[in-house]
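Open your viewer and keep a cartoon view ready. We will walk through this structure one selection at a time.

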Amino acid sequence: MEVTIIFKIAAVGILVSILSQVLRHSGREEQAFLVSLAGLLITLYWVVPYIYQLFSDIEELFSL
């Protein structure tokens, strides 16, 4: 697993939390929710291939 994915996820988390707080304080709850949802989807898009690879490795390990 690459270490850069951890830094990418941390950067998205920080950016989403800052944007969400700014939007909530300005009274735009819906946009804050959409920003949070977009951050979650971006992170899942990056993480799903690693989860798939993990399950493939486990399946290969136990099929021996």
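Start by selecting helix H1 together with helix H2, residues 29–62: the buried residues of H1 pack against H2. Keep in mind as you look that this is a predicted model.

**Stop 1: the buried side of H1**

Which residues of H1 are buried? Select Ile 5, Val 12, Val 16, Ser 20 and Leu 23 and show their side chains. Now turn the view until you look down the axis of H1: these buried residues fall within an arc of 65 degrees, so they line one face of the helix. A general rule helps here: an α-helix has 3.6 residues a turn, so residues three or four places apart point the same way.

**Stop 2: one buried residue up close**

Zoom in on Ser 20, which has its place in helix H1. Is Ser 20 buried or exposed? Its relative accessibility is 6%, and because buried means under 20%, Ser 20 counts as buried. Next, add Ala 32 and Ser 36 to your selection, since Ser 20 touches both of them, leaving aside residues up to four places away in sequence.

**Stop 3: the other side of H1**

Rotate the helix to the face turned away from its buried side. Here you can select the exposed residues Phe 7, Ile 14, Leu 15, Val 22 and His 25.

Then try Ile 6, also in helix H1. With a relative accessibility of 48%, Ile 6 counts as partly exposed. If you have a distance tool, use it from Ile 6 to Phe 55: their C-alpha atoms are separated by 20 Å, and the two residues are 49 apart along the chain.

**Stop 4: from end to end, and just beyond**

Select residues 4–25 to see the whole of H1. How far apart are its end C-alpha atoms? They are 32 Å apart, which agrees with the 32 Å that 22 residues should span at 1.5 Å a residue. Just after H1, click on Gly 27, which takes a positive phi of about 85 degrees.

**Stop 5: the whole chain**

Zoom out. The chain has two helices and zero strands. Its radius of gyration is 16 Å, well over the 11 Å that the globule rule gives for 64 residues, so the chain is more spread out than a compact globule. Along the principal axes, the C-alpha atoms fill a box of roughly 60 × 20 × 10 Å.

Finally, turn on the surface. The accessible surface of the chain comes to about 5400 Å², and 72% of this belongs to carbon and sulfur atoms. Of the 64 residues in the chain, 12% are buried.

Methods
Residues numbered from 1 in each chain as written. Predicted model: local features only at pLDDT ≥ 70, side-chain atom pairs only at ≥ 80, totals over all residues. Heavy atoms only, no water. Helix = DSSP H or I, 4+ residues; strand = E, 2+ residues; numbered from the N terminus. Expected span 1.5 Å × (residues − 1). Buried < 20%, exposed > 50% of the residue type's maximum accessible area, 1.4 Å probe, protein only. Arc of directions from axis to C-beta. Contact = heavy atoms within 4.5 Å. Rg over C-alpha atoms; globule rule 2.2 N^0.38 Å. Areas by Shrake-Rupley, 256 points an atom, 1.4 Å probe, with all protein chains shown as cover.
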